[in-house]
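The following exercises concern one molecular structure and are each followed by a worked solution. Please study the sequence and the model before reading the solutions.

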Amino acid sequence: MAATQSLPPVPSSPVKLLGQRIMVGFPGTSASASLLRSVRGGEVGSVILFAANIDTRSQTLAMIGALQKAARQGGNPPLLVAVDQEGGEVKRLPDGPPDLSPPQMVATHKVATATREGQETGTFLKRWGINMDLAPVSDVPTFGGAFIWQQGRAFSFNAGTVADYATAFALGLQSRGVAATAKHFPGLGSAAVDTDFERQELRPTKAQFAAALEPYARMIPRGLDAVMLTVAGFPNYDPSGASAALSKPIISKLLRRRLKFRGVAITDSLGTTTGHDEKTAGVLAAEAGSDILLYTDSAPGELSALETALRDGHIGRAAAAASYQRIVALKQKVAGE
């Protein structure tokens with residue numbers, strides 16, 4: 001993010017301050033009156049789109065246009081509009097790029113292929129009004145049964161190769177004005193089961209953990225926009241067993257201090273696989289230092305839980321202001337402001 005950006009003052013309103021941290025999903029191919037009202041009131045700062053939200057380009061542009069208009073009407077920053085457009089089987093817009101899956105990009109033996117796929121994906125998403133891609137997958141599988149490899153979503157078993165291709169794809173996206181999101185920090189390569197469906201506590205060896213961090217260590221100094229934190233726990237790193245997205249040692253010590261990441265930290269979906277209900281998970285994630293809290297539903301009650309945590313001092317005002325500034329800086333970047 002450019003250091004010369006002029007950011008708006010941090011709002012005094014807890015709703016406006018904390019609402020920017022909430023990303024929600026919603027049903028259907030148009031925004032409901034209640035969602036538009038939440039966006040206008042600053043209670044929601046970002047949305048995630050799934051295949052069920054997307055029909056035609058004109059419909060998608062109209063839907064996103066209505067949401068962005070509501071944000072403007074409320075005097076709020078523009079929304080981040082995110083999709084999972086990884087390539088392979090995970091593409092919310094199946095007819096759009098990337099045309100190759102991550103393993104297929106590596107099979108060309110040309111890192112430039114990943115750059116081109118990222119650029120084409122960024123150009124395509126921008127034409128649809130989408131400004132954030134929850135990609136590239138930056139996990140380094142540790143065995144053939146790793147779910148991320150079985151699903152064809154990981155680039156390679158080699159950390160250096162993952163770093164090369166993930167970095168190229170991310171920078172390609174960002175060169176076209178779409179935020180890239182490296183995931184799933186600090187690495188899901190040793191998970192046999194998809195964390196969307198089952199709680200996982202992973203115990204990679206020291207060598208495997210170091211390899212998992214290599215792609216991030218390569219991308220972060222190049223100006224990576226966002227990192228998605230997994231909901232898996234890593235007891236060898238955080239003895240509490242907390243999900244990475246809810247872990248202060250993983251976010252503050254590892255991501256921020258050791259890897260010097262200054263961009264936006266976003267959680268993976270805060271569902272039951274965190275070991276908590278959504279409201280509790282959101283508060284714990286915010287307390288730990290996650291910036292954007294991802295909910296695949298409308299996040300009922302989550303904002304009021306965050307307000308209570310702020311009022312009671314569980315979320316520090318300075319930390320909340322820092323998250324707000326990081327999020328708004330990214331919004332300004334993708335908006336070209």
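**Exercise 1.** Determine how the lining of the largest cavity divides by class, and where Pro136 of that lining lies.

Solution. The model is a predicted one, in which local features need pLDDT of at least 70 and side-chain atom pairs count only at pLDDT 80 or more, while totals for chains, interfaces and linings use all residues. Residues are numbered from 1 along each chain as its sequence is written, and side-chain values use heavy atoms, with hydrogens and water left out.

Step 1. A cavity is a set of points, on a 1 Å grid over the protein atoms alone, where a 1.4 Å probe fits but cannot get out; a lining residue has an atom within 4 Å of a point. The structure holds one cavity of 30 Å³ or more, and the largest has a volume of about 40 Å³, where volume is the space filled by probe spheres set on points joined across faces, edges and corners.

Step 2. The lining consists of Glu86, Pro102, Met105, Ala135, Pro136, Val137, Arg153, Phe155 and Phe169.

Step 3. Ala, Val, Leu, Ile, Met, Phe, Trp, Tyr, Cys and Pro count as nonpolar, Asp, Glu, Lys and Arg as charged, and the others, Gly among them, as polar. The lining accordingly has seven nonpolar, no polar and two charged residues.

Step 4. Pro136 lies in the loop between strand S6 (132–133) and helix H6 (147–150); helices (H or I, at least four residues) and strands (E, at least two) are DSSP runs numbered from the N terminus. The peptide bond from Ala135 to Pro136 is cis, with omega near 15°.

**Exercise 2.** Characterise the largest pocket by its volume, its central residues and the classes of its lining.

Solution. Step 1. A pocket is an open set of grid points with protein on both sides within 12 Å along at least five of seven lines. The space in the largest pocket is about 360 Å³.

Step 2. Of its 22 lining residues, Asp84, Arg92, Arg153, Asp196 and Asp268 lie nearest the centre. Arg153 also lines the largest cavity.

Step 3. The lining comprises eight nonpolar, five polar and nine charged residues.

**Exercise 3.** Describe the second largest pocket, and establish whether Ala299 is buried or exposed.

Solution. Step 1. The volume of this pocket is about 290 Å³. Among its 20 lining residues, Leu35, Ser38, Val44, Ser298 and Ala299 lie nearest the centre.

Step 2. Strand S1 (22–24), helix H2 (33–40) and H11 each supply at least two lining residues. By class, 10 are nonpolar, eight polar and two charged.

Step 3. Ala299 is found in the loop between strand S10 (293–294) and helix H11 (302–311). Ala299 has a positive phi of about 55° although it is not a glycine. Its relative accessibility is 8%, so Ala299 counts as buried (under 20% relative accessible area with a 1.4 Å probe, protein chains only; exposed is over 50%, and partly exposed lies in between).

**Exercise 4.** Locate two further backbone features, at His109 and at His184.

Solution. Step 1. Most residues other than glycine have a negative phi, and most peptide bonds are trans.

Step 2. His109 has a positive phi of about 60°. This residue sits in the loop between helix H4 (102–107) and helix H5 (111–127), and His109 is exposed, at a relative accessible area of 71%.

Step 3. Lys183 and His184 are joined by a cis peptide bond with omega about 10°. His184 belongs to strand S7 (residues 179–185).
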